[in-house]
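Please open the model in your viewer and keep the selection tool at hand. The stops below are meant to be followed in order.

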Amino acid sequence: MTEQLFSVPGITCGHCATAIRQEVAAVPGVCHVDVDIPGRTVRVTGGEDGAIRAAIAEAGYEAAR
């Protein structure tokens, strides 16, 4: 299973983390989502890159890699 790390500069608080976690967790194939607020990163196990980026965008944030 693949682990991917996304830089999400817009993460600033717990609300941001919760919104991203909920959207990404709903992506088919995603097994685990970890949002690091101070590091402004999202680590995802499983899922497809494009679908994960779309989920982060749906939560209102932009993902870099």
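What span should the twelve residues of helix α1 have at 1.5 Å a residue, and how far apart are its end C-alpha atoms? Select residues 14-25 of this predicted model: the expected span is 16 Å, and the end C-alpha atoms of α1 are 16 Å apart, which agrees.

Stay with α1 and colour Cys 16, Ala 17, Ala 19, Ile 20 and Val 24, which are buried. If you look down the axis of α1, these buried residues fall within an arc of 165°, so they line one face of the helix. An α-helix has 3.6 residues a turn, so residues three or four places apart point the same way. Turn next to the other side of α1, where you will find His 15 and Gln 22 exposed.

To see what covers the buried residues of α1, add β2 (30-36), β3 (41-46) and α2 (49-58), which are among the elements that do so.

The next stop concerns the cysteines, and here the structure holds zero disulfides. Cys 16 is in no disulfide, and the nearest cysteine sulfur, that of Cys 13, lies 3.5 Å away, whereas a disulfide would need the two sulfur atoms within 2.5 Å. Cys 16 has a relative accessible area of 5% and is buried, while Cys 31, at 52% relative accessibility, counts as exposed.

Finally, select Arg 40 in the loop between β2 and β3. Its phi is near 50°, a positive value in a residue other than glycine, and Arg 40 is partly exposed, with a relative accessible area of 37%.

Terms used. Residues numbered from 1 in each chain as written. Predicted model: local features only at pLDDT ≥ 70, side-chain atom pairs only at ≥ 80, totals over all residues. Heavy atoms only, no water. Helix = DSSP H or I, 4+ residues; strand = E, 2+ residues; numbered from the N terminus. Expected span 1.5 Å × (residues − 1). Buried < 20%, exposed > 50% of the residue type's maximum accessible area, 1.4 Å probe, protein only. Arc of directions from axis to C-beta. Contact = heavy atoms within 4.5 Å.
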